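User: Hi! I'm new to reading protein models and would like to go through this one in questions and answers. Can we take it step by step?

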Amino acid sequence: MTLTDSSKMEKNSSNMIHLTADSPSKPETVCIFGTGDFGRSLGQKMLQCGYSTVFGSRKSQTSSLIPKGIEVLSHAEAAKKSNIIIVAIQREHYNFLSELTEVLHGKVLVDVSNNLKINQYPESNAEYLAQLVPGAKVVKAFNTVSAWALQSGTLDASRQVKLSNMNDSKAKEMVMGIVRTLGLTPLDQGSLLAAKEIENYPLQLFPMWKFPIYLSLGLSAFLFFYCLIREVIYNYVYENKNVSFFIVISIPNRICPVVALILLALVYLPGVIAAIIQLHRGTKYSRFPDWLDKWMLCRKQLGLVALAYAFLHVLYTLVIPIRYYVRWKLNSYVISQVDQFIHSTGWHSDSYLALGILGFFLFILLGITSLPSVSNNVNWREFRFVQSKLGYLTLILCTAHTLGYGGKRFLSPSSYRWYLPEAYVLSLIVPCIKYQILHLCRGLYSITS
Ligand SMILES: NC(=O)C1=CN([C@@H]2O[C@H](COP(=O)(O)OP(=O)(O)OC[C@H]3O[C@@H](n4cnc5c(N)ncnc54)[C@H](OP(=O)(O)O)[C@@H]3O)[C@@H](O)[C@H]2O)C=CC1
Ligand SMILES: [Cu+2]
């Protein structure tokens, strides 16, 4: 365990002691409106964590599903028993709450609702609730936790509870106290205006991964057909050779490194474009165009997809020695000429492999340092150093590795290995331009200041 880990734990445990010793925010009774899936799961959890809980429901009789020890009352009666009311009802059924305005006056209303679609309503559900019951203090919370996670106790992936509230910090504190006591982590998102974003959050499906994944799939498809035409179909038509089995390993092993390099170059390209824009505008205090903003925001995902492709390339390469085609080719080569060891070829093959190994190692390092648990333990300067300086080095090493591989047959006209030079060129040019621009910027700043 590192020093920071232990000091964090100390901090956490002192927090816990503080909470249990004099938890001022822990109310006597919590009221939950709605005895549906979520209401029941939350009620059960509250009960386990020592809260006395009452349900407000349309029906007065208790069903067997209601956790034992929780009373079911009418909405108005239940609301009178508590200062905090959690509304576990769909937004469509909120209307009846306007009749309870008097009972709910001054109380904290927690809106947990989610929608079926992103931006389904013009205003957020929490804002709608605040309009319906003007006297209540509405807090948005718990919508990011699922009923299933509450019941099964597997809250690891969804431990964070995003909160927002009008501007009543006391109400927010009360809800945050409950969140903590349930063993969850409250995450204050600010005013109720943030509620819409919090409601959209559980509906999103990997928003930052869409572009990198579509792009990599598109590139892979394009390169696949490119290689298919150049290697399989060309050989079949002009040389009457059938090498269709290339589709299984040879072609994927060409696609993977090229896509990995292009994606890695695309991680660093927006930085170059941003620098050009800043130079052109003469200031760094203006907003970037939207497309550039979005591109910058998904750099980490682009890098990780690139890493996955590099991994695949490594795996495909590892099986080369056991392939029948390669063994056959090697044997026939040995038979065709009693070979003398060519020193330069030895150097060439070893050095491009070594460059690939080093590049891949740094690539993994980049991937690891981008994980939140690791990046939280380095400061901003260290993070920049790894992601930027080592990133460029990775790009250069991997490019040199690919160039070394292609360069072997560069001069032979029948070569099919030297293909898609743009990919290599792009990945080489990017670091160079950036380097030039940085120097230019430093020069300009030193002149103007
Ligand atoms: N299920 C989940 O995992 C999660 C759910 N949520 C949110 O929690 C809320 C409840 O979800 P869930 O429990 O799954 O839904 P359910 O359909 O299981 O339960 C909804 C409850 O609302 C009450 N209700 C229904 N119609 C009316 C009405 N016309 N007037 C008054 N009360 C009504 C009922 O309670 P009664 O019969 O007691 O009156 C009913 O049990 C939703 O807003 C949902 O978005 C948020 C996060 C996760
Ligand atoms: Cu390689």
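User: How many residues surround ligand 1?
Analyst: This is a predicted model, where local features need pLDDT of at least 70, side-chain atom pairs count only at pLDDT 80 or more, and totals for chains, interfaces and linings use all residues. Residues are numbered from 1 along each chain as its sequence is written, while chains are lettered from A and ligands numbered from 1 in the order in which they are written. A residue counts as near the ligand if its C-beta atom, placed from the backbone, lies within 6 Å of it. The closest ones are G36, F38, S57, S113 and A147, and the full count is 20 residues.

User: Which helix gives the largest share of the shell around ligand 1?
Analyst: Helices here are DSSP runs (H or I, at least four residues), strands are runs of E (at least two), and both are numbered from the N terminus. Three residues of the shell come from one helix, and that's helix 2 (residues 37-48).

User: What is the strand order in the open sheet of eight strands?
Analyst: Two strands pair if DSSP finds at least two bridges between them. The pairing in this sheet is mixed. Strand 3 (71-73) and strand 8 (185-188) are the edges, each pairing on one side only. Reading across, you get 3-2-1-4-5-6-7-8.

User: In what sense do strand 4 and strand 5 pair?
Analyst: Strand 4 covers residues 84-87 and strand 5 covers residues 108-111. I84 stands opposite V108 in strand 5. Over four bridges, the sense is parallel.

User: Why is strand 1 largely enclosed by the rest of the structure?
Analyst: Buried means that 20 or more other C-beta atoms lie within 10 Å of a residue's own (exposed is 12 or fewer, partly exposed is in between; C-beta atoms are placed from the backbone). Strand 1 is largely enclosed because, of its five residues, the number buried is four.

User: Which helix gives the largest share of the largest nonpolar core?
Analyst: A nonpolar core is a set of buried Ala, Val, Leu, Ile, Met, Phe, Trp, Tyr and Cys residues joined through C-beta atoms within 7 Å. This one has 49 residues, and V175 is among those that touch the most other members. Six of the core's residues come from helix 7 (residues 169-181).

User: Leaving aside neighbours within four places in sequence, what is V175 in contact with?
Analyst: Contact means that two C-beta atoms, placed from the backbone, lie within 7 Å. With those sequence neighbours set aside, the list is V108, V110, V139, A141 and L163.
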